[in-house]
Amino acid sequence: MRILQGLFMLSATAAVLTACGDDVDNDDPGGGGTGNVGNTGGSGNTGNAGGTGGTGGSGNTGNTGGVAGGGGGTGGAPACDLSGAGKAKQDIPSSISGTTKLTSDKVWTIKGEVRVVDGGVLEIEPCTRIEGDGPSKGALFINRGGKIMAQGTKDAPILFTSQLPAGSRGPGNWGGISLLGKAPNVSGELSIEGVTNKDAPENKHGGNVPTDSSGVMTFVRIEFSGSEVAAGDELNGLTFGSVGSGTVIENVMVNSTYDDCFEWFGGTVSAKNLVCNNGGDDMFDTDDGWKGTVTNAFGRHVNPNSEDPNGYEWDGTSDKANPTIDTESTMINVTMCGLGKPYAGGSMYGMVLRRGIKGMLDNNVVLGFDASIDVRDNFGTLASPGVSVQNSFFALPLVSATDDDSKESPAFDEAAWFTGGTNNKTDGFGFTLDDCLAANGPTTAVTGSGKGAFKESADWMTGLWISWETK
């Protein structure tokens, strides 16, 4: 911009001269024009450079140029890439006693049994890929007194997966993850499953610290796990052995594991937002005096392999040394879907409820199983059952036509138990089994139903932490 500077008298005869900041003046100096303020740099992946300050006016003495432009915009955050492409590989130490941090710039390998021992801490950055070694049956154990701090985010999760390429992966490619804590269980001290030496001290769990903490696991996916250690003895996707209530478990998916997706042996830990896809055996298995709550859980069978892959399998194991400690399972907002056809490998129930258990089912949706309910052992009476059920949708048949009452002591009427509960229904699901079993994950008919796992939110099961790939 040019700026009018003034009027000057040159002689008795008035002559008006207009002076501009960048014009040459006569004898008297003209003030220089003020430069423009430079533009602020743009934002985005790479901000543009700030604008150049304006040029000062040229008189005998020009004014100072404009203020320099703003700095360039801040670059956008890069997307999380969990493929591992182009990243160096490094083995995780087999014993962690101090603090070890797994960074996202590498692919980390679990070879053999990797243990975080008493006092050790394993920290894992968001968007980190960890691969389990197949030949050595790589498995991660967080021992009593150890901690895992695996805090991913919705779109920068932490991935535990197979070393094999996509298309060649499958259940049992590597071990799994076991957390061993100091909380109470039915016997005081128990051995964890899926290990070669169950009597070794490092394979024990249990104690008298209900609030014990084994760390944090949020936005974590565990896939293609469950290698067999001995005949009939496999690791689960995620195993809890006497884990205390100070542990945080939220937004964890187990996908394509050979045994159970999630199993609790004693302990007091609760969990929120769990997903089980393509488990080989049970979806949510509780034993040995676990006392906790799961809120928002989704499970579905795709290609199970055991003789009795169920949704729930609950057992207090009351023949142990301390039968006064019952398993007390509270399951709120849960959806479980079976295959929707007779299971050739054996029997498949929405839930198998056994001895020594207490608890509550609230807003559970169960469909696609041979039958929704199978009670065994001593489950109590209709007037005083071990577990209550309310606000739930169970598909017919509620009970198998071949239900064996001899397995119950005393005999128990499962259908009357369900229909006698508060606000329970056998229809009105709002979606079909095909919606639940869709290849790319449950359809919006399921997630938008406002029932079961999706009562509180239709979109909690979205983001990079979710994958429905089974190979």
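Visitor: What is the handedness of the link of Cys337 and Cys436?
Guide: In this predicted model, the sulfur atoms of Cys337 and Cys436 lie 1.9 Å apart and form a disulfide. With 90° about the S-S bond, the link is right-handed.

Visitor: How many residues apart are Cys337 and Cys436?
Guide: Cys337 belongs to strand S24 (residues 327–337), while Cys436 belongs to helix H2 (residues 433–436). The disulfide thus links distant parts of the chain, and the separation is 99 residues.

Visitor: Is Cys337 buried or exposed?
Guide: A residue counts as buried under 20% relative accessible area. Cys337 has a relative accessible area of 0%, so Cys337 is buried.

Visitor: Which disulfide pattern does the chain follow?
Guide: A search of the whole structure finds 3 disulfides. One of them joins Cys80 and Cys127, and another joins Cys261 to Cys276. With bonded cysteines counted along the chain, the pattern is 1-2, 3-4, 5-6.

Visitor: Why is the disulfide of Cys80 and Cys127 right-handed?
Guide: The sulfur atoms of Cys80 and Cys127 are 2.0 Å apart. The disulfide is right-handed because the torsion about its S-S bond is about 100°.

Visitor: Lys204 is buried yet has no salt bridge; how far away is the nearest side chain of opposite charge?
Guide: Lys204 is found in strand S13 (residues 204–205). Its side chain has a polar contact of 2.9 Å with the side chain of Ser191. A salt bridge needs the charged atoms within 4 Å. The nearest side chain of opposite charge is that of Asp199, and its distance from Lys204 is 4.2 Å.

Methods: Residues numbered from 1 in each chain as written. Predicted model: local features only at pLDDT ≥ 70, side-chain atom pairs only at ≥ 80, totals over all residues. Heavy atoms only, no water. Helix = DSSP H or I, 4+ residues; strand = E, 2+ residues; numbered from the N terminus. Buried < 20%, exposed > 50% of the residue type's maximum accessible area, 1.4 Å probe, protein only. Lys, Arg positive; Asp, Glu negative; His and termini not counted. Polar contact = N/O pair within 3.5 Å; in protein donor to acceptor, adjacent residues only side chain to side chain. Disulfide = S-S within 2.5 Å.
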